[in-house]
Amino acid sequence: MRDAAEDEARRLLRALAVATGDESWRDLTNGALERIADRPGLPPWQARLIGASAALAEVSEREGRAVEIDPVDLVNQRAQLRGLTPQGAASAGGACRLLPTRDGWVAMSLNRAPDWELLPALFRTEQTRWDWESVASATAQATAMELESAAAELGLAVAVVPAAPPPVEQPWRITMPSAAQRTRAARRRVVDLSALWAGPLCSSLLRRAGAEVLTVESTSRPDGARQGDPALHRLLHDGNAFVALDFNDPTQRGELHRLVDEADVVVSAARMRALQQLGLDPFEATERRPGLTWVGISAYGLTGAGSNRIGYGDDTAVAGGLVNREPTPTFVGDAVADPITGIYAAVAALAVSASGGGVVDVALRDVAAHVARVAP
């Protein structure tokens, strides 16, 4: 396990050196890699998380305050706080199921009441009463790709269980501005526009590394974790400053833009289309504002064919191939794509911020695929 963890840490540091053009990230010697303890029996994907945590400690210590975490405990944090237990083909939180189709399996998340109301359109039926048993019956009559495609059009989170993890080169896509536009931020002020788990965890780790964090919350769409996971919400936001704004009000939207313009790091957890509706564009902002780092967390990436797809921690983990396969698919943990994405996003955010700013595009599916891959 220790060798796999150290390999992952070094792989991440090399990737950061290439992406930022800053070779000093390649071989940090703060000692975190040497402190990796052997923990026999961990599955390979958790060994990789140990490596990511070592990379986090290396990068954060160079920036002034080392952040050391136990990522295995961290990915189980929400389940422990809520007393959740693994349910096999049902997610620990209960809102996602692994279901057989005519030609494979899919993960389907139905987190909100409006999701259930879309099921007649998804299955092209007039049926109005639904429970998981009837959903499973309807799913068995369709093909996996048909369901995934139709769900994407409707704004539902459905992911095909892939035969193998998708070929993802890196857990993030980093876009650095031209060298002339780079500048190191004087201090790390984080404006967190995200909600739920992955984004707030990233910001929490940045705060532990010495940043000041301002959480900006929409008055019309407050963070669902406040009600659904209040204990986790308190843990992730402890020490943050808060401001609530009505994004539909032009004046308050102007205040949002002002806060973003004063930030050193912005963390978002929205699709590009939603950001643009607010008049925000991570790529334009980092070109216009030297030194700004924008961490864009989404289900399938800020750009590309999947940029408008909906996804949550359980179904995107499955989409990335992070799933138990035998004898039939089961979840590996509680919404694991969320916490692992928060960890990897924080590593990249620290390095990119210190190297002059840029966009860190972090897709939950891609991070899951990265840790699920068979190491070369």
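## Overall build and strand E10

In this predicted model, 74% of the contacts in the protein between residues at least 6 apart in sequence join residues at least 24 apart.

The protein holds 17 helices and 10 strands. Its radius of gyration is 20 Å, and the globule rule gives 21 Å for 376 residues; the two are close, so the protein is as compact as a globular protein of that length. The C-alpha trace spans about 60 × 55 × 35 Å along its principal axes.

Next, burial and surface. Of the 376 residues, 54% are buried. The protein exposes about 15,800 Å². Carbon and sulfur atoms supply 49% of that area.

Charges come next. The protein has 38 positive and 47 negative charges. Their mean positions lie 2 Å apart.

Now to one strand. E10 covers residues 358-363. How many of its six residues are buried? Six of the six are, and the strand is mostly covered.

E10 pairs with E4 and with E9. The table sets out both pairings.

| Partner of E10 | Sense | Bridges | A bridge pair |
|---|---|---|---|
| E4 (residues 173-175) | antiparallel | three bridges | threonine 175 with valine 359 |
| E9 (residues 293-298) | parallel | six bridges | threonine 293 with glycine 358 |

Which residue of E10 is the bridge partner of threonine 175? Valine 359 takes that place. Glycine 358 of E10 is the bridge partner of threonine 293. E10 thus runs antiparallel to E4 and parallel to E9.

Conventions
Residues numbered from 1 in each chain as written. Predicted model: local features only at pLDDT ≥ 70, side-chain atom pairs only at ≥ 80, totals over all residues. Heavy atoms only, no water. Helix = DSSP H or I, 4+ residues; strand = E, 2+ residues; numbered from the N terminus. Rg over C-alpha atoms; globule rule 2.2 N^0.38 Å. Buried < 20%, exposed > 50% of the residue type's maximum accessible area, 1.4 Å probe, protein only. Contact = heavy atoms within 4.5 Å. Areas by Shrake-Rupley, 256 points an atom, 1.4 Å probe, with all protein chains shown as cover. Lys, Arg positive; Asp, Glu negative; His and termini not counted. Charge placed at Lys NZ, Arg CZ, Asp CG, Glu CD. Pairing = 2+ DSSP bridges.
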